[in-house]
Amino acid sequence: MQKRETSRSRVRAVPFLDVTTKDSLKYSMQINRGCVEIFDKIKKKQLGVVSVLGGEKSGKSLLANRLCKTMRGMEEERKGRGVAVMEQPVKLGDEEAVLVLETFGMHFQRDSKEIEEKVLALVLLLSSTLVFNCCASESLEHQLQALGRLLDLPNQMVVDGAENNEALLLKEMPRLIIVLRDFSGGQSKAEDTVRACLENRDAQGHRCRLLRRIGRYFPDYKVLAMVKPVGQTSRLQKIFNETWEDLRPEFREDMKALETLAFTGPKKVLGNCLDGTLFSHLVQQYLDCLNSNQPPNIKARFQ
Ligand SMILES: Nc1nc2c(ncn2[C@@H]2O[C@H](COP(=O)(O)OP(=O)(O)OP(=O)(O)O)[C@@H](O)[C@H]2O)c(=O)[nH]1
Ligand SMILES: [Mg+2]
């Protein structure tokens, strides 16, 4: 008989990145020491990295947990801001593993732009897939603008010795999946909704530029509509106590579609597949650059 997954089957999440504030303007980011064991597990594996981000309380952790086939783990309350990682990498065959990350405490507001830009730059550089989670109860345009506001690639990272830096950077971008939560209108309506928003002909000036950045930096972005995991509000509020089997079958199907879109092979950096050993070196070197206000240099990681 197939084992029923209980709400207690859980994987822990640990801080991946600690963001410390030196004073109101200076931040520094470090790898959390608790990650050493995780990096050890994946040393020799080809590595995919799936990062879930989006506004606060938008349902990110449910996605991160489910990508790791558990109901619990990532949702634990965290203070401050940064990035957390699911302790147990997802195993895809003998050779490949996927780390699942989630950003937290990202407000996507103007006043927190600098540190959030740095967190986003790091996540962009490390991820093979970015899942941008959009909440149905808020304006889609505002949520996508918030992402666009943090994207400023040519100033955020460089490819060594590149004359046309932006064109080269585009090749290093992860796959972007825009998830519309609580969306019951179906997949093609969701795709139309996002396209209409990103190409919004009424949006003027700066607003328009922020939206256009998404299509420019992620021309192959995917959209995924996801329905509510349960119908009743009282159950939604305690979603992490639910068992997987008791969630709506449509939601479980949507989750499978997310896995298919998200798990698409190892991360490549300048055409080279990333393994666990290289990954931990990269994280440290990118952080060194960011902490000294330098844009991370992609080619230098392989020298
Ligand atoms: N309507 C709706 N609510 C959800 C869904 N998933 C989660 N929630 C609710 O949203 C709350 C927050 O969910 P999380 O998954 O922790 O959201 P989050 O974005 O990870 O939150 P932070 O990491 O604290 O920013 C949960 O307690 C649920 O009540 C969903 O698909 N639809
Ligand atoms: Mg969360």
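How far apart are the end C-alpha atoms of α7, and what span should its twelve residues have? That helix is the third stop of this tour, and the answer is given there.

Before selecting anything, note that the model is predicted, with local features needing pLDDT of at least 70, side-chain atom pairs counting only at pLDDT 80 or more, and totals for chains, interfaces and linings using all residues. Residues are numbered from 1 along each chain as its sequence is written, and chains are lettered from A and ligands numbered from 1 in the order in which they are written.

**First stop: ligand 1**

Select ligand 1 and display its surroundings, where 16 residues form the shell, the closest being E56, G59, K60, S61 and L62; a residue belongs here if its C-beta atom, placed from the backbone, lies within 6 Å of the ligand. Helix α2 (residues 60-67) supplies the largest share of that shell, three residues; helices (H or I, at least four residues) and strands (E, at least two) are DSSP runs, numbered from the N terminus. Coloured by class, the shell has seven charged, five nonpolar and four polar residues, where Asp, Glu, Lys and Arg count as charged, Ala, Val, Leu, Ile, Met, Phe, Trp, Tyr, Cys and Pro as nonpolar, and the others, Gly among them, as polar.

**Second stop: strand β7**

Now select residues 129-134, which make up strand β7, and find that six of its six residues are buried, meaning that 20 or more other C-beta atoms lie within 10 Å of a residue's own (12 or fewer makes it exposed, anything in between partly exposed, with C-beta atoms placed from the backbone). In a regular strand the side chains alternate between the two faces of the sheet. In β7, T129, V131 and N133 are buried on one side, and L130, F132 and C134 are buried on the other.

Add the neighbouring strands: β3 (residues 46-54) pairs with β7 in the parallel sense over five bridges, and β8 pairs with β7 in the parallel sense over six bridges, pairing being called when DSSP finds at least two bridges between two strands. N133 is a good residue to centre on, since it is the bridge partner of G54 and stands opposite V179 in β8.

**Third stop: from β8 to helix α7**

Follow the chain out of β8 (175-180) into the loop that leads to α7 (187-198), and stop at D182. This residue has a positive phi of about 55° although it is not a glycine, and it is partly exposed, with 15 other C-beta atoms within 10 Å.

Then select α7 itself, whose twelve residues should span 16 Å at 1.5 Å a residue, in agreement with the 17 Å between its end C-alpha atoms; the expected span is 1.5 Å times one less than the number of residues. Its residues A190, V194 and L198 are buried. Viewed down the axis, the buried residues of α7 fall within an arc of 60°, so they line one face of the helix; the arc is that of the directions from the helix axis to the C-beta atoms. S188 and A196, on the other side of α7, are exposed.

**Last stop: L270 and L236**

Go to the loop between β10 (268-269) and β11 (272-273) and select L270, which has a positive phi of about 50° although it is not a glycine. Finish at L236 in helix α9 (residues 233-236), where the C-alpha atom is separated by 38 Å from that of K43, 193 residues apart along the chain.
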